[in-house]
Amino acid sequence: MYELKPLRYSENSLEPYISSKTVDIHYNKHAKNYLNKLNNILNELNYDFSMPLNELVVNIEIFPIEKRDDVLFNAGGVLNHDLYFSNISPNRNIYPTGQFLEAIDKQFGSFENFKNEFIKKANILTGSGYTFLVLTRDNKLEIINTTNQETPYLYGLKPIMTIDLWEHAYYLDYQNRRSDYINNFFEIIDFEVVGKLYEENIK
Ligand code: MN
């Protein structure tokens with residue numbers, strides 16, 4: 001069976017940017033629901049849970065065609081929430097450093113430019129989905145949007161940073177003020193985590 005990464009901070013520690021109630025419902029109900037559904041479908045299919053989830057989604061053809069959408073949706077739900085909840089924290093690592101900062105400066109001109117581009121991209125997403133910073137096959141950084149629970153792994157891209165833009169991620173705290181939630185994401189982003197993922201995933 002697959003599992004969600006445990007939360008490494010207390011549910012109230014992201015306040016005032018994200019409330020304890022939102023973290024509780026989002027992690028314990030929404031994210032766990034994707035996990036439970038995924039495990040249930042895979043058990044029904046007698047899957048042996050041998051692949052890491054990011055490999056499972058690119059090997060989706062091992063499953064019957066009528067089950068693939070369900071597997072992908074829920075596997076994406078688990079992968080995307082694992083990254084989202086691990087790339088935010090109360091630790092105030094809100095500026096990139098080291099090799100990752102060099103890559104940001106080189107490709108976006110400056111951290112401020114990168115931040116502005118990420119915010120702009122998040123603001124133009126329509127419907128439910130995510131904005132991601134991904135690494136391409138040739139080690140370039142790109143900012144992309146995906147809808148629903150689509151994971152960048154499907155396109156051979158490695159996600160290293162994400163903001164959840166489903167209403168359940170912010171509605172209790174921000175209602176229609178989604179852009180405030182997006183701006184405040186940069187108060188709880190943990191660039192130590194993102195920087196580590198960058199270094200682990202460049203070839
Ligand atoms: Mn979510």
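His26 and His81 are both buried in this predicted model, and they make a good place to start, since both of them bind a metal. The protein donors of the manganese ion are the NE2 atoms of His26, His81 and His168, together with an OD atom of Asp164, at distances of 2.0 to 2.2 Å. Read along the chain, these donors are spaced as H-x54-H-x82-D-x3-H. His26 belongs to helix α1 (residues 20-44) and His81 to helix α3 (residues 68-86), so this pair ties together parts that are 55 residues apart in sequence.

Let us stay with helix α3 for a moment, because Leu83 lies there too. Leu83 is buried, with a relative accessible area of 9%, which is under the 20% that counts as buried. Leaving aside neighbours within four places in sequence, Leu83 is in contact with Phe132, Pro159, Ile160, Met161, Thr162 and Leu197. Its C-alpha is also 8.9 Å from that of Lys5, a residue 78 places away in sequence.

From here we can turn to the nonpolar interior. In soluble globular proteins, nonpolar side chains tend to be buried together. Here the largest nonpolar core has 67 residues, and those with the most contacts inside it are Tyr2, Phe114, Leu133, Leu141, Met161 and Tyr181. Helix α1 gives this core its largest share, eight residues. What does Leu133 touch, once its neighbours within four places in sequence are left aside? Its contacts include the aromatic residues Phe100, Phe108, Phe114 and Phe118, as well as Leu141, Ile143, Pro159, Ile160 and Met161. Glu142 and Lys158 are also in contact with Leu133.

Next come the helix pairs. Two packed helices are described by the angle between their axes and the distance between the axes. Helix α4 (residues 98-108) packs on helix α5 (residues 111-124) at an angle of about 75°, with the axes 8 Å apart. That angle makes α4 roughly perpendicular to α5. On the α4 side, Ile104, Asp105 and Phe108 take part, and they meet Phe111, Asn113, Phe114 and Glu117 of α5. Sorted by class, this contact has four nonpolar, one polar and two charged residues.

Helix α4 has another partner in helix α8 (residues 191-201): their axes come within 8 Å and cross at roughly 85°. These helices are therefore also roughly perpendicular to each other. Gln99, Phe100 and Ala103 of α4 make the contact with Phe191, Val194, Gly195, Tyr198 and Glu199 of α8. By class, the contact of α4 with α8 has five nonpolar, two polar and one charged residues.

Finally, let us look at the backbone. Most residues other than glycine have a negative phi, and most peptide bonds are trans. Where does this chain depart from that pattern? A cis peptide bond joins Glu15 and Pro16, with omega at about 5°, and Pro16 sits in the segment before α1. Phe49 is not a glycine, yet has a positive phi of about 60°; this residue lies in the loop between α1 and α2 (53-58). Gln175, likewise not a glycine, has a positive phi of about 50° and is found in the loop between α6 (171-174) and α7 (178-188). Are these two loop residues buried or exposed? Phe49 is buried, at a relative accessible area of 18%, whereas Gln175 is partly exposed, at 31%.

Conventions:
Residues are numbered from 1 along each chain as its sequence is written. This is a predicted model: local features need pLDDT of at least 70, side-chain atom pairs count only at pLDDT 80 or more; totals for chains, interfaces and linings use all residues. Side-chain values use heavy atoms; hydrogens and water are left out. Axes are lines fitted to C-alpha atoms, for helices over the stretch in contact, and angles run from 0 to 180 degrees between N-to-C directions. Helices (H or I, at least four residues) and strands (E, at least two) are DSSP runs, numbered from the N terminus. Angles under 35 degrees count as roughly parallel, over 145 as roughly antiparallel, 65 to 115 as roughly perpendicular and the rest as oblique. Contact means heavy atoms within 4.5 Å. Ala, Val, Leu, Ile, Met, Phe, Trp, Tyr, Cys and Pro count as nonpolar, Asp, Glu, Lys and Arg as charged, and the others, Gly among them, as polar. Donors are N, O and S atoms within 2.8 Å of the metal (3.2 Å for Na, K and Ca); water is not among the atoms, so sites may look incomplete. Buried means under 20% relative accessible area, exposed over 50%, partly exposed in between (1.4 Å probe, protein chains only). A nonpolar core is a set of buried Ala, Val, Leu, Ile, Met, Phe, Trp, Tyr and Cys residues joined through side-chain atoms within 4.5 Å.
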